[in-house]
Structures are given as structure tokens and as C-alpha cells.
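Colleague: I'm new to reading protein models. Could you walk me through this one and show me how the names are earned?

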Amino acid sequence: MRHFKNSILIFIFAMLLSNNSKAQIINAKAEDFKEICRRPLIVQLITEDAYYVDDLQKRISKTSNEKRKAELESELLAYKEYVAGYNSLIKDAIEKVWEFNKEKPVEYKSFSDVQVLRKINPKLYTVLQLIPIKLWVTNEYGIETFTKKAIPALVYSRMENCPPNDEFFNKKFDYSFYMLYTNSRTNHKLYVSDLILSLKIIQNHIKEIRNFDKKNYTMMDYAKDQDEENCVKLKNMTLVVDEKLLDLKSKKTEIIKVYDGKLSIISSEDMSKMITNQEEEAVSVSIPFSIKSDKSGIEGMEFLELIMYMKCFINAKSGVILSSYITKSIDSFGPLFKTPEFKKIAKCK
């Protein structure tokens, strides 16, 4: 019976591996970024989803089970705090580290305000917005369809190329960056450091595309190249690991058996301070790059969609990627750092 279950599991994962969604989306050409980075920038703030909030409030009012009611109230509070937190933190992050779009001051506008500008002349502006992106996959019939899961992404694009609620949105906008992993925190709490580091990585990546005329150069391609170029620098640095990003089975005592360099494991709060203070440290970060998905049509299989992560060490001051660990192994799809990542760094020449 156990052998039968294992065979089924292997079969399912093989199907997952055969249906890889398209990775990070970049539709702009290298020469387009000159204009994208020159236009006035509008940062679109998050607006609460009224339908979602109303639905939660109705469920709370109708729930007599105190435990379930508390859970729903916590969910509503976490959502409202996330929206308010992002709208405040993105301003701080932009003011600290954003180097592009300097001809005019950055403006911060709601979705409805941005829609008004679209009707006047969308070709005047570049927009930065946080949205959930569902990726395209090709099913067994050769038909493209969306994944069930979505990845929160920062979309940086000319306004006319990112129309909301467009069926072909993914194929129109200029550039996207999948947000750093925050799910290990209570209520998926967002820190300003998440946005600071994301903005630094985005700018470094775009500079590489723009300066060297890179075509179809995804974040995964960039991370791999940066790893080859920079991993040797880690020999003179301390690897600083967020304790929430360390796999429970990967204890420090086990890691130092394969990695003899300096290693420090700290709290998420201390990691956030290090990044916000822009210290010259190699910090652990997990960046989504794609989704493995099954589209066979078998009922229930859609829930086996797995978000895939690059596990990286990044210079907190410069945002330069120092190492990246990307694998096709099923047990390493997740965001948590395991011993093999450190083994790879130890072998860097």
C-alpha cells in the first residue's frame, strides 16, 4: 500500500514538473526602459477591496462561534493593516532608494485618481503598483490558461501598457518583480525593508537590461549571472540568515558541517533594521520566480500548484545579488533555506 501511495506521489509531481508556468514577466525591450525610467512616476496606492471587507464583516456579524468570529476579525484587521502599511511604507522606501524618474517629484495616487489620468493622457506617466499576478500555463490540450494561485508583484510600467482588468494584462505591462517572501510572519506582516530591498533589486536588474541590451532577461537569469560573478565575495562576509527563513531541520550545527564561513542567524525584526539601515551585510532573501502547476483537469489537482523560490544572499546596502540557489527538486521549491544552499556557497570559487 505504501509503495502504491509513493508511486502516485511520484506521478503527481512528474505532472507538476511538466507544466511550468511562464516565469517573471518582462514585456519591454531594453531600449524602452530609457522612456520608462524618464517619465514622471506615479506610485499607485492600494485601495481596500470593498467586496472583500463587506463579506468579512457580514460573516463576522452572522457567526456565533466565538473562536471562528475571532479568526475572521483577525483576518479583517490584518488586511486593513496591510493596506495601510503598504501605502505608508512604499512612500518611505521610494524616498530612500528610488533613483529613476527624477525629472519630476514622485506622486502617490489612489486607483481612482490614476484612472482619471488614464483618460486624459496615459502616455505621460510611468506607474508602479502592487498587484497579485496569476501566471499563464499551457494545459495538455495546448490551451493557455491562468494558474489558480497568484504571486504579489510590483509592476513598473508605462501607464498605457498596464490597463486594469484587462484579460491580456500580463502580456502588455512592461516589467514585474515578484515580491519577497513574507508569509512566514504573523499576518504576512510587511516591513519597509521588504520594499527597500525590492526596489534596489528592481533598479539593479533594469540597469543590467538597459546598459547591456539584454533581451528576455528575467530575474532568474539575472540572479544566476550575479551568483556566478559575486558568490566568491561571500568568503569575506558573514551570511546573515532570517530565522523565519531557515528550515526547521537545518540547524546551525548541521550547516557549519558543510559551510565553514561566518554565519549569523537573527530575528526578522533585526534583519529588517539591517536592511533599512543599509548595512554592508549579506542577508537571506527568498524571491518567487514561477509556479509549477498541473492542468490535467483531474479534480483537486489544481491545489498542487507550487510557488517556486530563488533563495539568495543579497548585499543589504547595494541590493546586489551575491548568491542564488535555484533548483528543480520538489523538496526545495519552497522559500526556506536548507543545508544544500550553504553547501553550494562553500563550493564557490
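**Reading the sheet, the helices and the disulfide**

Modeller: Happy to, and remember that this is a predicted model. Let's start with helix α9 (residues 268–276), which lies across β6, β7 and β8 and runs at about 130° to β6. Helix α7 (residues 219–230) lies across β8, β9 (306–315) and β10, at about 115° to β10.

Colleague: What is the order of the strands in the open sheet?

Modeller: The five strands come in the order β7-β6-β8-β9-β10, and their pairing is mixed.

Colleague: What makes β7 and β10 stand at the edges?

Modeller: β7 (263–266) and β10 (321–325) each have a single partner strand, so one side of each is left without a neighbour in the sheet. On average, neighbouring strands of this sheet are turned by 35° against each other, direction ignored.

Colleague: How do you know that β6 and β8 count as a pair?

Modeller: Pairing needs at least two bridges, and two bridges join β6 (residues 239–242) to β8 (residues 282–292). The two strands therefore qualify as a pair, and they run parallel. Here, Val240 stands opposite Val283 in β8.

Colleague: Why are α4 and α6 called oblique to each other?

Modeller: Helix α4 (residues 66–97) and helix α6 (residues 192–211) pack at an angle of about 45°, with their axes 9 Å apart. Angles under 35 degrees would count as roughly parallel, and 65 to 115 as roughly perpendicular. The value of about 45° falls in neither range, so α4 and α6 are oblique. The crossing of α4 past α6 is right-handed.

Colleague: Which residues of α4 and α6 meet?

Modeller: Among them are Tyr86, Leu89 and Ile90 in α4, and Val192, Leu195 and Gln203 in α6. By class, this contact of α4 with α6 has ten nonpolar, one polar and three charged residues.

Colleague: What makes α3 roughly antiparallel to α4?

Modeller: The axes of α3 (residues 50–62) and α4 come within 9 Å and cross at roughly 160°. Roughly antiparallel means over 145 degrees, so α3 earns that description relative to α4. α3 passes α4 in a left-handed crossing. Residues that meet there include Tyr52, Val53 and Leu56 in α3, and Arg68, Leu72 and Tyr79 in α4. The contact of α3 with α4 has seven nonpolar, one polar and six charged residues by class.

Colleague: How do you know that Cys231 and Cys348 form a disulfide?

Modeller: The cut-off is sulfur atoms within 2.5 Å, and the S to S distance of Cys231 and Cys348 is 1.8 Å, so the pair qualifies. The structure holds one disulfide. Cys231 is in the loop between α7 and β6, while Cys348 is in the segment after α10 (339–346), so to speak 117 residues apart and in distant parts of the chain.

Colleague: Why is the disulfide called right-handed?

Modeller: The torsion about the S-S bond of Cys231 and Cys348 is about 75°, and therefore the disulfide is right-handed.

How values were computed
Residues numbered from 1 in each chain as written. Predicted model: local features only at pLDDT ≥ 70, side-chain atom pairs only at ≥ 80, totals over all residues. Heavy atoms only, no water. Helix = DSSP H or I, 4+ residues; strand = E, 2+ residues; numbered from the N terminus. Axes fitted to C-alpha atoms, helices over the stretch in contact; angles between N-to-C directions. Contact = heavy atoms within 4.5 Å. Left-handed = near helix turned anticlockwise from the far one by under 90°. Nonpolar A, V, L, I, M, F, W, Y, C, P; charged D, E, K, R; others polar.
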